[in-house]
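This report is meant to be read with the sequence and the 3D structure side by side. Please find each residue in the structure as it is named.

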Amino acid sequence: MSRLTWRIGRLVEVRSETATARTLVLDVPGWSAHLPGQHVDVRLTAPDGYSAQRSYSIASAPDGTRVELTVQRVADGEVSPYLVDVLSVGDPVELRGPIGGWFVWRPGAPEPVTLIAGGSGIAPLMAMVRTRHAASSAVPFRLLYSVRSVEDVLYADELRRRGRDDGGLDVTYLYTRQAPDGVARPAGRIGLADVNRHAWPATFEPAAFVCGPTGFVETVADLLVALGHEPRRVKTERFG
Ligand SMILES: Cc1cc2nc3c(=O)[nH]c(=O)nc-3n(C[C@H](O)[C@H](O)[C@H](O)COP(=O)(O)OP(=O)(O)OC[C@H]3O[C@@H](n4cnc5c(N)ncnc54)[C@H](O)[C@@H]3O)c2cc1C
């Protein structure tokens, strides 16, 4: 079966991440190992035959037939509210993948890595962080995570743990709406000073992966290029 064949997976576990996002753990018979950064297409079909499909990044490291997706509910959305609020453990899920060969990190790659996430754009970057851990890789990673407030942080406990225990992984939060007490940086959108301060400098020739809403991704890619990063080293994924 090709990766573009639709398959039927099953929801085996659900993890609540925030008030508006949850992680769906799927078991997908016949799944072929993915690379971190790849995504799947999920298709929902109503009893009358109407169907809608959306893309979701794979958030987990390769793990047999298990695939994890983290879905952020978009108010008034067609598909995401169903995946976040309705889909139940045991339900079938139609999906195809893994898809994408450009926005991927390969554990053998030697260069340092800057990851820059906006909101749910953390999902494929988390797959990279998890794969790095699973591969016992010592490649230095810097993760910049732009997020509205502490309550909106996905994978909060795991990121805290990995930031402490995974040597060579630095995690920096950039709050856009409300910074917690004790954080000096005022809440606001990511800017040149943030990237200059927390990402690897261009002279180190790092790989950069940027993921989030389209406007966020375009802004950050421009900032990286303005700081001297070669465009071909800046890989982007737009969630729309
Ligand atoms: C490669 C790829 C990977 C993706 N990975 C993820 C993922 O891991 N997790 C995840 O939650 N989403 C992810 N997305 C976004 C996802 O595909 C859907 O667009 C999202 O779930 C909204 O679908 P919906 O049917 O609920 O909303 P729709 O009915 O399509 O849209 C409803 C309204 O919300 C707006 N809207 C659509 N998407 C967003 C958004 N992301 N943020 C804010 N407003 C939006 C639309 O413009 C529209 O006005 C990914 C998208 C791509 C292209």
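## Glu158 and helix α3

Glu158 is buried, because its relative accessible area is 14% and a residue counts as buried when that value is under 20%. The structure discussed here is a predicted model, and in this model Glu158 belongs to helix α3, a helix that runs over residues 156-165. Although Glu158 and Met126 are 32 residues apart in sequence, their C-alpha atoms are 9.9 Å apart in space.

## The ligand and its surroundings

Where does the ligand sit? The ligand is found in the largest pocket, and the shell around the ligand is made of 19 residues, of which Arg54, Ser55, Tyr56, Val79 and Ser80 come nearest. If the residues of this shell are sorted by class, seven are nonpolar, eight are polar and four are charged. Four elements each supply at least two residues of the shell, namely β4 (51-57), β5 (66-72), α1 (80-86) and β11 (234-238), and among these β4 gives the most, with four residues.

Several polar contacts can be traced between the protein and oxygen atoms of the ligand. In the side chain of Tyr56, an N or O atom lies 2.6 Å from an oxygen atom of the ligand, and a polar side-chain atom of Ser80 is likewise 2.6 Å from a ligand oxygen. With Glu78 the contact involves the backbone, where a polar atom is 2.9 Å from an oxygen atom of the ligand. On its own the ligand has 900 Å² of accessible area, and the protein covers 68% of this area.

## Arg7 and Thr131: side chains that meet the backbone

Is Arg7, which is found in strand β1 (residues 7-18), buried or exposed? Arg7 counts as buried, because its relative accessibility is 5% and the cut-off for a buried residue is under 20%. A polar atom of the Arg7 side chain lies 3.0 Å from the backbone oxygen of Gly30. The C-alpha atoms of Arg7 and Trp31 are 8.7 Å apart in space, while the two residues are 24 residues apart in sequence.

Thr131 lies in helix α2, which covers residues 122-134, and with a relative accessible area of 6% Thr131 is buried. The side chain of Thr131 has a polar atom that lies 2.7 Å from the backbone oxygen of Ala127.

## Backbone angles and a cis peptide bond

In general, most residues other than glycine have a negative phi, and most peptide bonds are trans. With this background in mind, three places in the backbone can be looked at one after another. Ser136 is not a glycine, yet its phi is positive, at about 50 degrees; this residue lies in the loop between α2 and β8 (141-147). Tyr155, which is not a glycine either, has a positive phi of about 60 degrees, and Tyr155 is placed in the loop between β8 and α3.

Which of the classes buried, partly exposed and exposed applies to Ser136, and which to Tyr155? Ser136 is exposed, because its relative accessible area is 66% and exposed means over 50%. Tyr155, by contrast, is buried, with a relative accessible area of 4%.

The third place is the peptide bond from Gly97 to Pro98, which is cis, with omega near 0 degrees. Pro98 is part of strand β6, which spans residues 92-99.

## Two partly exposed residues

Pro201 is located in the loop between α4 (192-198) and β10 (207-212). Pro201 is partly exposed, because its relative accessible area of 34% falls in between the cut-offs of 20% and 50%. Pro201 and Pro112 are 89 residues apart in sequence, whereas their C-alpha atoms are 10 Å apart in space.

Thr214 lies in helix α5, which covers residues 214-226, and it is partly exposed, with a relative accessible area of 27%. How far from the C-alpha atom of Thr214 is the C-alpha atom of Arg238? These C-alpha atoms are separated by 5.0 Å, although Thr214 and Arg238 are 24 residues apart along the chain. The residue range of β11, one of the elements that supply residues to the shell around the ligand, is 234-238.

Technical notes
Residues are numbered from 1 along each chain as its sequence is written. This is a predicted model: local features need pLDDT of at least 70, side-chain atom pairs count only at pLDDT 80 or more; totals for chains, interfaces and linings use all residues. Side-chain values use heavy atoms; hydrogens and water are left out. A residue is near a molecule or strand if one of its heavy atoms lies within 4 Å of it. A polar contact is a pair of N or O atoms within 3.5 Å; within protein, one must be able to donate a hydrogen and the other to accept it, and residues adjacent in sequence count only if both atoms are side-chain atoms. Accessible areas come from the Shrake-Rupley method with a 1.4 Å probe; for residues, only the protein chains shown count as cover. On a 1 Å grid over the protein atoms alone, a cavity is a set of points where a 1.4 Å probe fits but cannot get out, and a pocket is an open set with protein on both sides within 12 Å along at least five of seven lines; lining residues have an atom within 4 Å of a point. A molecule sits in a cavity or pocket if more than half of its atoms lie within 2 Å of its grid points. Ala, Val, Leu, Ile, Met, Phe, Trp, Tyr, Cys and Pro count as nonpolar, Asp, Glu, Lys and Arg as charged, and the others, Gly among them, as polar. Buried means under 20% relative accessible area, exposed over 50%, partly exposed in between (1.4 Å probe, protein chains only).
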